Amino acid sequence: MTWEIGSGLSIGAILLVVIVTAAMLIWVERRLLGFWQDRLGPNRVGPFGLLQVVADMIKIFTKEDWIPPFADRFSFVLAPTIIMIVILMSFSVIPFAPGLGVVDSNVGILFVLAMASLGAYSVMLGGLASDNKYALLGSLRAAAQMVSYEVFMGVSLLGVVALAGSFNLREIVIAQEGGWYVIPQFVGFVIFLIAGIAESHRLPFDIPEAEQEICAGYHTEYSGMKFGMFFVGEYLGLVLISSLITVLFFGGWNGPALLPPIVWFSAKAFFFIAFFILLRAAIPRPRYDQLMSYGWLFLLPLSLVNLLVTGAVILMQI
Amino acid sequence: MLAAEHIRENTVRGDVPAAAQAALELLRKEFAGDILAEQANCDFIPTLWFDRAKVKSVLNCLRKNSFAGNRFEMLFDLTAIDERARVHRDGQPLSEFTVMYQLMSFSGNCDFRIKVPLFDADLILPTVSDFWSNANWYEREVWDMFGIRFDGHPNLYRLVLPPTWEGHALRKEHPARATEMEPFSLSDAQTDVEQEALKFKPEEWGMQRKSDESEFMFLNLGPNHPSVHGAFRIAVQLDGEILVDAVPDIGYHHRGAEKMGERQSWHTFIPYTDRIDYLGGVMNNLPYVMAVEKMAGIQVPERVKVIRIMLSEMFRICSHLLFYGTFAQDVGQLSPIFYMFVERERIFNIIESICGARMHPGWFRIGGVAQDLPAGWEKRVRELLDFMPARLDEYDSMVLNNGILKRRTQGIGSYTTEEAFDWGVTGAGLRATGYEWDYRKQRPYSGYENFEFDIPIAENGDCYDRCAVRVEEMRQSLRIIKQCVDNMPSGDYKSSHPLTTPPRKEKSMKDIETLINHFLSVSWGPVIPPTEVSMAVEATKGINGYYLVSDGNTTSYRTRIRTPSFAHLQMIPAISRGFMVSDLIAIIASIDFVMADVDR
């Protein structure tokens, strides 16, 4: 067994690390929120409350696996698995470090975007299959929000693709050895960041599951492990978006040689994870129609202008 | 003394304001032969009795005309009294049930009462829900509690008690406690009846299932929903996410506080008042003890007044802080509530060191307060005054100046001053429409006239303005507390009046008369002379009033609690139609109600 790209060892290790990271985020988020909100957060189970995740997992695994009698069983079970699968699949193209990854794909970015589109099905199906009015409202909102924000997400990335001349994420990282794309593509970065929050539907854009409005939205009827999958799926999405920002705009594993590349990658990704958690603590939630019009009337034109300007600059340099 | 003479004498003394006097004279002229009686009460509010055939035209006359340039803008309260067991009714017409309308003039700063005698065999009178929008719920409540029907009412269903309830709870023959009833049991047949009664039929709620263009979705918001602030239910009629209608359903928090008032002694009812607006703490005691003191003729010492004001204002800040935090939370801002709880906790610590309890101290007494202030109280209160202003400024930049929050709340759920009067809206909800009226300023009680403070107002009457007014009120409350600390009078913490409960102990050991008084008022409770009184304060959520009827006994004959939240909730459909579900949540959050204050 070797550590080359696509070997069994690296696939297994990446899968394990990614899932454990996502699960640990449950604790990280609660502690960070506690820190920012003048309170303690979970600190009872184990040192610093670290074993809280284990306790939560035991609870979630041993809960009754209940499906409401009025739900559509097949899609009800399918929905949470979709989100887990598509996000884990997306991780396969992420270049964590030189020589560390699952596949070295020439269409890496397209693959991630395709998987993100499939992710919308999870939320829609979950809400529809529940046969609950709150869940229905949640999945309606989710469908509109995720489908719209995918558009800007895709367009915002095209500037990076044009600069690097490749859809391959690994080559994009290598192309940033001379300088991170966040500087020439700052507008693209901001749009991608906003679209990323919308895609992972976290506060302030947690409109599909806005607790104060529609209880828990699309996962109102879920409990036990199926809820757990939605829950961990959300954190996986958070890790994914943070990894993508790192790869696309912040030079991926690149950094001074005093630390190994994987550490640079992890540190940058964690910085953005913490940033997303801080956003959750700080900003109120816009209304659903406000989010839509903001996207279509502001972000879309902006991302198109960004693409045009980038293209023009590249052409002039040639 | 004849009642009319009594009132005339008060007029000479200047106790009846000009507007009320003008109204009295007009009614005496217009309805000369129809006035059944003029009742005298110790609160000097003109009270006229009319037959039910005349009551509508009398109320219309009061509503339409202006008196000395002022109008009676609001139906402040509408309730009933079961008179069948009452002994002291001198000068009042024969009556088994009495319906009471209390009108309020904001411009003329006075009240007016109309009473209608009814008999058990024929409990019906015309509705006034076409005059005032807020009469709708008040009349439903009277039907629910007394079985008095209102002819022409659009939907005279039970409001507070469940539709399957038997009897009318505030009638004297209705048992007050569970031990007076059969043990509770629920047979299968009865279960089916109850289940059937719970079924949601849109038609019964006055809603259509579909329109020409679309079929509506009915969403049941509550009684358990994350942002309805307690057990409160709204049946929402949706077209997509747009609200076609929203019908509130209350009663899930009903504890029969008014019925308890007829059972507890005057003294032992005080802790119950704490739990009416459970965020208002001792401020709830204030209108009650002031009403009893007025009936008993007790003058409280200056120190008592200032202590009462200081604690009331602390509770106002606590309540507003909780409102502020939950308001931000309901529009999706997670953190402010946690910061605000820190301040609230610090204030509760001060309250605890003074009263010995935090949220519900029940600390005011008839004729005073429970204890004197503890040694060193100024230090802790001054600490509060030092740290609060900076924190409030910080919250302004965090919440009120936040762009997303502004876009979520500005222009949402707005109403005008006229609409506010029509729906019985008081407090910050009224001031947010730009109408400067505060009970503490316009009708100073407990010595508020000696304090310097401003009445914050806003312009648009929308969700944002209601929040902004309350935020500024906290700053004004701090000003008042500062003046309390700087100028706390010395003196007694209890009046030496014989009806002060419990009486001051030190004198009772010296002479037999005070010992007897002490013994009676501690064992029986004080005996309050027969009269009626209405007393209100500017509570945390609006005007909270107590209308007490004493029959010369150790308990109240009728305890009517007029709460602000009750009126405010009724307005939700009118201000939320056409908005989205998210806006409804913002509207609910901006009203600042607690269900205990609605259902009582």
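**View 1. The end of helix α4 in chain A of this predicted model.** Just after α4(A), the backbone at Asp131(A) adopts a positive phi of about 55 degrees, in a structure that is a predicted model throughout. The helix that comes before this residue, α4 of chain A, covers residues 108–130 and has 23 residues. From its first C-alpha to its last, α4 of chain A reaches 34 Å, which is close to the 33 Å expected at 1.5 Å a residue.

**View 2. The open sheet of chain B.** Five strands of chain B form an open sheet in the order β1-β2-β5-β4-β3, and their pairing is mixed. At the edges lie β1 (37–39) and β3 (74–82) of chain B, each of which pairs on one side only. On average, and with direction ignored, neighbouring strands of this sheet are turned by 20 degrees against each other. Strands of a sheet in general pair through backbone hydrogen bonds, either parallel or antiparallel.

**View 3. The pairing of β4 with β5 in chain B.** Strand β4 (residues 97–105) and strand β5 (residues 110–118) of chain B run antiparallel and are joined by 9 bridges. One residue pair can be picked out by name, since Met104(B) has Asp111(B), in β5(B), as its bridge partner.

**View 4. Two helices against the strands of chain B.** Helix α2 (residues 18–30) of chain B lies across β2 (47–49), β4 and β5 of chain B, and runs at about 35 degrees to β5(B). Helix α4 (residues 135–146) of chain B also packs on the sheet, where it touches β3 and β4 of chain B. The direction of this helix α4 of chain B makes about 10 degrees with that of β3(B).

**View 5. The surroundings of Trp165(B).** Trp165(B) is found in the loop that lies between β7 (149–151) and α5 (188–198) of chain B. This residue is partly exposed because 13 other C-beta atoms lie within 10 Å, a number above the limit of 12 or fewer for an exposed residue and below the 20 or more for a buried one. Although Trp165(B) and Asp144(B) are 21 residues apart in sequence, their C-alpha atoms are 9.3 Å apart in space.

**View 6. The side of chain B that touches chain A.** Here 26 residues of chain B are in contact with 25 residues of chain A. At least two residues of this side are supplied by each of β8 (217–221), α9 (302–330), α10 (336–355), α12 (403–409) and α21 (581–591) of chain B. The most comes from α12(B), which gives 4 residues. By type, the residues on this side of chain B divide into 14 nonpolar, 8 polar and 4 charged.

How values were computed. Residues are numbered from 1 along each chain as its sequence is written. Chains are lettered from A and ligands numbered from 1 in the order in which they are written. This is a predicted model: local features need pLDDT of at least 70, side-chain atom pairs count only at pLDDT 80 or more; totals for chains, interfaces and linings use all residues. Two residues are in contact if their C-beta atoms, placed from the backbone, lie within 7 Å. Ala, Val, Leu, Ile, Met, Phe, Trp, Tyr, Cys and Pro count as nonpolar, Asp, Glu, Lys and Arg as charged, and the others, Gly among them, as polar. The expected span of a helix is 1.5 Å times one less than its number of residues. Two strands pair if DSSP finds at least two bridges between them. Axes are lines fitted to C-alpha atoms, for helices over the stretch in contact, and angles run from 0 to 180 degrees between N-to-C directions.
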